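Okay, thanks for squeezing me in. I'll put the structure up, and then we can walk through it together.

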Amino acid sequence: MMEQLPQQAVFIKAEKTKQGLIALFTEEGFLFSVEEDTFFRYGLEQAIKNGSPLSGGELTLLASKSEQAHAKQTALRLITARMYAQQDLYNKLCQKYDARAAAWAIAEMNRLGYLNDEAYARARAAALLRKNKSKAIILRDLAQKGIERETVLSVLEELWEEQGEQYGNVVAVQNLLERQYCRKLEQGKVQQVQAALARRGFSFGEIRDGIRQWQNNHPECNNETYDMIGDYE
């Protein structure tokens, strides 16, 4: 966020930073840094040569440009590390910069082609599906990232169509039963398993069908407690 600025200032020198910005200095020391385009557009090179004073209004404008430049640099650094949804990245930037600078940085990332909510949703959804997350959990997770519900539903349909039986709630339930809840089912703890899967966002019908399929695949574990699996939806 921008700090308190002087009513007037004279820049005495400018230095290129490691981030590619130009740092501006007064007699009191470093004030802020701007992009190279801003430096030349606003005649700062000439102002330094002539020792021309800048008014408070001019400094405020330049400080705003500085805030935008740093927000852009941070956005680039963040999306280099991993993918971001637009809203998620904007929220991240707002933790450090003002809303206008954050919004400008997001616009720059879009202009440069670095943000794509559909591609992000697809990658995120695929990763969650590999972890056997339910459709409800995936929808909630991506909604928190600012992705529209329609986009997520479209992405899920495409993934399920491409991968066939490898994806989907029914397959996810079966995978979880085999990998995490097999022991409990062998012990007849059906209600505990049902409750655990319900908390993961699966429907009662999906849970019921999954447990029945598990039972069919494990006839050696026949237990009268399986009768507790009712025809509920």
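So, surface first: this protein exposes about 13400 Å², and carbon and sulfur atoms supply 45% of that. Keep in mind that we're looking at a predicted model. As for what's tucked away, 40% of the 233 residues count as buried.

Now the overall build. There are 12 helices and five strands in the protein. The radius of gyration comes out at 28 Å, whereas the globule rule gives 17 Å for 233 residues, so this thing is more spread out than a compact globule. You can see that in the box as well: along the principal axes, the C-alpha atoms fill roughly 90 × 30 × 25 Å. And if you take contacts between residues at least 6 apart in sequence, 57% of them join residues at least 24 apart.

Okay, let's zoom in on the strands. β2 covers residues 13–16, and β3 runs from 22 to 26. The two are antiparallel, with four bridges joining them. If you want a landmark, find A14, which stands opposite L24 in β3. Together β2 and β3 make a hairpin, with five residues in between. Look for G20 in that turn: its phi is positive, about 90 degrees.

Next up, the aromatics. How many aromatic pairs does the structure hold? Three, and I'll show you two of them. When we describe a pair of rings, we give the distance of the centres and the angle of the planes.

Here's F11 with F32: edge-to-face, 5.9 Å centre to centre, and 75 degrees between the planes. F11 is in the loop between β1 and β2, while F32 is in strand β4, so the pair ties together parts that are 21 residues apart in sequence. Both of those phenylalanines are buried.

The other one is F25 with F30, again edge-to-face, at 5.6 Å between centres and 65 degrees between planes. Are these two buried or partly exposed? Well, F25 has 16% relative accessibility, so that one counts as buried. F30 is at 49%, so we call it partly exposed.

While we're at F25, notice that K13 lies over the face of that ring, 4.9 Å from the centre. There's another charge over a ring further along the chain: the charged end of R82 sits over Y84, 3.8 Å from the ring centre.

That's my tour. Shout if you'd like to go back to any of these spots.

Terms used:
Residues numbered from 1 in each chain as written. Predicted model: local features only at pLDDT ≥ 70, side-chain atom pairs only at ≥ 80, totals over all residues. Heavy atoms only, no water. Phe/Tyr/Trp six-rings, centres within 6.5 Å; stacked < 30°, edge-to-face > 60°. Buried < 20%, exposed > 50% of the residue type's maximum accessible area, 1.4 Å probe, protein only. Lys NZ or Arg CZ within 6 Å of the ring centre and 35° of its normal. Rg over C-alpha atoms; globule rule 2.2 N^0.38 Å. Contact = heavy atoms within 4.5 Å. Areas by Shrake-Rupley, 256 points an atom, 1.4 Å probe, with all protein chains shown as cover. Pairing = 2+ DSSP bridges.
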